[in-house]
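Biologist: I am new to this structure. Could you explain the terms as we go through it?

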Amino acid sequence: MSRPVVSHTEGLFVQAQQVLASGVSASMRMHPYLGRPFYLSRGDGPHVYDLAGGRYLDFNLSNGAAILGHRHPAVEQAVLRGLEAGIIAAAETPFHEELAAVLCEIIPAAERVRFASVGSEVTLVAIRIARHATGRTKILKFDGHFHGLVEPFLLKREDPTAQRSGVVPSSGGVPTSLSGDVVMVPWNDAEAFERAIAGHGTGLAAVICEPIHFNAGCIPPTPGFLELLRQRTTENGVVLIFDEILSGFRTALGGVQEQTGVVPDLCTLAKALANGMPLSALVGRADLMEHLAPTGPVAHSGTYSGHLLSVLAALATVAELRKPGVYDRLNEAAAAFYQDLQAVFDRHGLPVRVQGMGARFGLHFGRRAPVRTYADALGHDHELNMRFALGCIERGVYFHAYSRQGPPGHAGFSLAHTPKDFAETLDVVDAVATDLGRGG
Ligand SMILES: Cc1ncc(COP(=O)(O)O)c(C=O)c1O
C-alpha cells in the first residue's frame, strides 16, 4: 500500500508562489516537513485524496473541523438545501434561531449566541465585550495558547521556560506597544496565576484559555486548575473566556465545560460546529452578550456572519452529534486508539508520548513522560516527527504539521474512522516505527 510522496506537486507549488502570497492561502497549510502544501483533490469519510488520486487516512480533518468525516451525507444534504434557497447571505432566517436554541440547550455557558464566520473573529469580539463590560483593557492569556490571528493573541513571553519575562510579538508585524495589555502566565501553573491575579486582578478585563491546550499537542488542565480560574475571575470581576474552538464537541457534546462542570462567562466555538463549513459562534451570559450591537455599543457585524449554508450544515452536524451514545463510542475509540498507538511506540523503544482527549491528540516526539506544561511541549523533536510524518504519508496515512519549531500541533480522528481504519493506521505506524528504529 506504499504511495510516492506527491512529487508532481512540487511544480504546482513553484507556480503557486508566483501568484499566491508565500504560495499558500493560509500559512498553516504549508506542510513544513514536505516543504510544500499537502495538495488535496477531495475527501470522503475518513479519507482524503491527493491530486494523483492517492488515498490517505486523514488525521488532520480540516484542522479539526470534519468531526463527522468528509462528505457526511446529512451535512451534504443540508448544504444542498441552502444552495437551492439561492445562497442568500447577510440575512436572518428561522434556521439561525433554531441553531442558537440548540446551542443554548447543549452548551452550559450559552444564554445568548452570536454567529460569525471564523474563530479569530469571535475571540476578538469576546475580548471586545469583556473590555467594554469591565471598563478595563488587560487580558490574561496562557503561554502558547492559540486564539487566532488578532494582535493581543499574537504575543508571547520572551522565554516561556522562565518564571518571569517580558511579552513580545510572536511574529513580525505586531507592534510591541500592544504588549502592555497582555499578561502571560504558564498553563497549569497555579502559583504563577495567583501571582498574576494578585498583581493585575482588578485591572484585568478577561482571562482567556484553551481549556484543553490542544494547540500544543493536547495538554489537559491539571485537576483544580480550571476551577481556580473560575474562582479568581469571579472574585475579581474578570470575564472568563473558554476558547472551545478546538475542544468544543471533541470530548463531550457540551465541550470541556460540560465535562468539568466549570462554566465560563463567554465561550467561542467553530471548527467541529459545522463539520468544515465556515461558521463560528460566540456564546455566553445574556448580560454580557447584550453589550453587542445593535442593543449595545460593542461592534460586531459581517456580510457572511452566520452564512446560511454553514448554519444548515451546523444544524445537521449537531443533530448527528446529539444521537444517543455518540460520545460514549467516541471516547471509547479514543482511549483504545491512544493506548494502542503508545504501545506501538513503546514496543519499538521510540521516545514518543501520545496525549489525547476525545477525538483530538498530540504526538510528542522526544518525550516519554507526560506533558503537563507548554515548556514540556517545547522539547518536541521535530527531526524525529518529520521522519515519522513523511513515512506515514508514503504509506497512506496523513498527519499534518503546523511548524518546524515549537510544540507539536494537534491531530485527530473523526466519527467516520472505523476499527478497520484504526487497525490499518496502527500497522502503518508499526512499519514506520520499524524504519525509524533502524535509523531510516
Ligand atoms: C483554539 C483556537 N482558537 C482560535 C482559532 C482560530 O480559528 P480560525 O482559524 O477559524 O480563525 C483556532 C484555529 O486553529 C484555534 O485552534
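The dialogue below takes up some residues and the ligand.

Modeller: This is a predicted model, in which local features need pLDDT of at least 70, side-chain atom pairs count only at pLDDT 80 or more, and totals for chains, interfaces and linings use all residues. Residues are numbered from 1 along each chain as its sequence is written, and side-chain values use heavy atoms, with hydrogens and water left out.

Biologist: Why does Asn275 count as buried?

Modeller: Buried means under 20% relative accessible area, exposed over 50%, and partly exposed in between (1.4 Å probe, protein chains only). Asn275 has 9% relative accessibility, so Asn275 counts as buried.

Biologist: Why is Leu149 called exposed?

Modeller: Its relative accessible area is 54%, and therefore Leu149 falls in the exposed class.

Biologist: What makes the approach of Asn275 to the backbone nitrogen of Ile67 a polar contact?

Modeller: A polar contact is a pair of N or O atoms within 3.5 Å; within protein, one must be able to donate a hydrogen and the other to accept it, and residues adjacent in sequence count only if both atoms are side-chain atoms. The side chain of Asn275 reaches that nitrogen of Ile67 at 2.9 Å, so the distance meets the limit. A polar side-chain atom of Asn275 also lies 3.1 Å from the backbone oxygen of Gly69.

Biologist: Which distance separates Lys271 from an oxygen atom of the ligand?

Modeller: A polar side-chain atom of Lys271 lies 2.9 Å from that oxygen. For Gly119, a backbone N or O atom is 2.8 Å from an oxygen atom of the ligand.
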